[in-house]
Amino acid sequence: MIGRHCSGLGIAALGLAFLSAAPALCEPGALLTGFTAVDQDAPQVSVVMVTGITRSDQLPPTLVQARKALSANVALRDSTLRDLADLMDGNAAFQYAKRLDFVAKPGLAAHAAHYYGIAAATGRGGAIYGFIKALDALDPATTTPGRLANLRNILVTYANAGSAPALEAVLRYHARNTPFTDMRAELDRILVETDGPAAHAVALQLASEILRSNTPTAAELQKARQYLLRAEDSDSLRTRLISQNLLPLVEARVAALQPDQSFAIQVDTQGEITP
């Protein structure tokens with residue numbers, strides 16, 4: 001497990017493992033996206049966003065024995081476990097979240113995400129898997145804006161730290177626009193604040209979205225080229241090959257523009273884009 005301490009975003013992304021070679025250039029309707037650059041076998045990431053409860057003397061006297069019992073793997077009542085979790089005891093939050101059967105009762109999904117989120121935010125990286133499953137199941141229309149904002153921050157912080165499951169979820173939620181809407185700002189922050197696998201996957205995703213358009217403008221194609229050149233810096237052979245395969249599609253789209261539009265895009269000998 002790889003550990004991180006942070007108070008929010010701005011965490012350096014971690015290196016992802018080697019991926020297999022990319023297939024040949026796809027048609028625009030079936031473009032490879034940033035999802036293909038996410039290595040689900042990458043090391044588990046742990047992020048400490050809040051310290052939480054670390055000692056029994058931080059608790060009310062009525063819960064001290066309960067925490068000791070929990071540490072000894074003694075089963076606690078749901079209400080006691082929840083009381084500990086609400087005081088930011090990460091272990092209690094993790095155990096309580098696992099008891100919330102949101103598959104059988106979908107209305108519990110937001111609550112499960114909340115407690116998995118507490119566990120993840122206090123450094124239990126393994127909670128990110130249950131956290132994302134609960135996010136997938138929750139109904140944003142019945143979840144309070146404040147809770148959604150908190151869940152969103154936890155997810156993006158983990159993605160920014162290099163968590164492969166969190167990054168995949170961010171890209172998926174961005175593409176679907178649910179359960180979180182308008183995630184473009186978070187993707188832009190990953191591009192600006194990191195220079196690792198997360199940034200390369202985001203760059204590939206944003207380039208593919210532009211190339212899916214039937215009528216991209218010259219400015220959009222210029223941006224797609226910049227994204228692909230960024231993704232081409234990846235340590236992953238798969239990501240580099242996908243980027244290299246998509247670059248000719250950008251050039252073909254540029255060539256198809258009206259002469260006055262295509263003239264606006266120039267590339268110097270170093271591959272930098274200039275107006």
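**Exercise 1. Classify Asp195 by accessibility and identify its salt-bridge partner.**

Step 1. Asp195 has a relative accessible area of 61% and is exposed, where exposed means over 50%, buried under 20% and partly exposed in between (1.4 Å probe, protein chains only). This is a predicted model, in which local features need pLDDT of at least 70 and side-chain atom pairs count only at pLDDT 80 or more, while totals for chains, interfaces and linings use all residues. Residues are numbered from 1 along each chain as its sequence is written, and side-chain values use heavy atoms, with hydrogens and water left out.

Step 2. The partner is Arg230, at 3.5 Å from N to O; a salt bridge is a side-chain nitrogen of Lys or Arg within 4 Å of a carboxyl oxygen of Asp or Glu.

Step 3. Arg230 belongs to helix H10 (residues 218-231) and Asp195 to the loop between H8 and helix H9 (197-212), so the pair ties together parts that are 35 residues apart in sequence. Helices (H or I, at least four residues) are DSSP runs, numbered from the N terminus.

Step 4. Arg230 has a relative accessible area of 23% and is partly exposed.

**Exercise 2. Locate the salt bridges of Arg172 and Asp188 within their helices.**

Step 1. The whole structure holds 10 salt bridges.

Step 2. Arg172 pairs with Glu168, with 3.0 Å between the closest N and O atoms. Both residues lie in helix H7 (residues 164-176), 4 residues apart, about one turn of the helix. Arg172 counts as buried, at 12% relative accessibility.

Step 3. Asp188 pairs with Arg184, again with the closest N and O atoms 3.0 Å apart. These two residues are 4 residues apart in helix H8 (residues 184-193), and so are separated by about one helical turn. Asp188 is partly exposed at 30% relative accessibility, and Arg184 is partly exposed at 33%.

**Exercise 3. List the buried residues of helix H5 and describe the surroundings of Leu135.**

Step 1. Helix H5 spans residues 127-137, and its buried residues include Ala127, Ile128, Gly130, Phe131, Ile132, Ala134 and Leu135.

Step 2. The cover over the buried residues of H5 includes helix H3 (90-99), helix H4 (109-121), helix H6 (145-160) and H7.

Step 3. Leu135 touches Ala113, Leu151, Leu155, Tyr173, Pro179 and Phe180, not counting residues up to four places away in sequence; contact means heavy atoms within 4.5 Å.

Step 4. In the largest nonpolar core, which has 82 residues, Phe131, Leu135 and Leu155 touch the most other members. Such a core is a set of buried Ala, Val, Leu, Ile, Met, Phe, Trp, Tyr and Cys residues joined through side-chain atoms within 4.5 Å.
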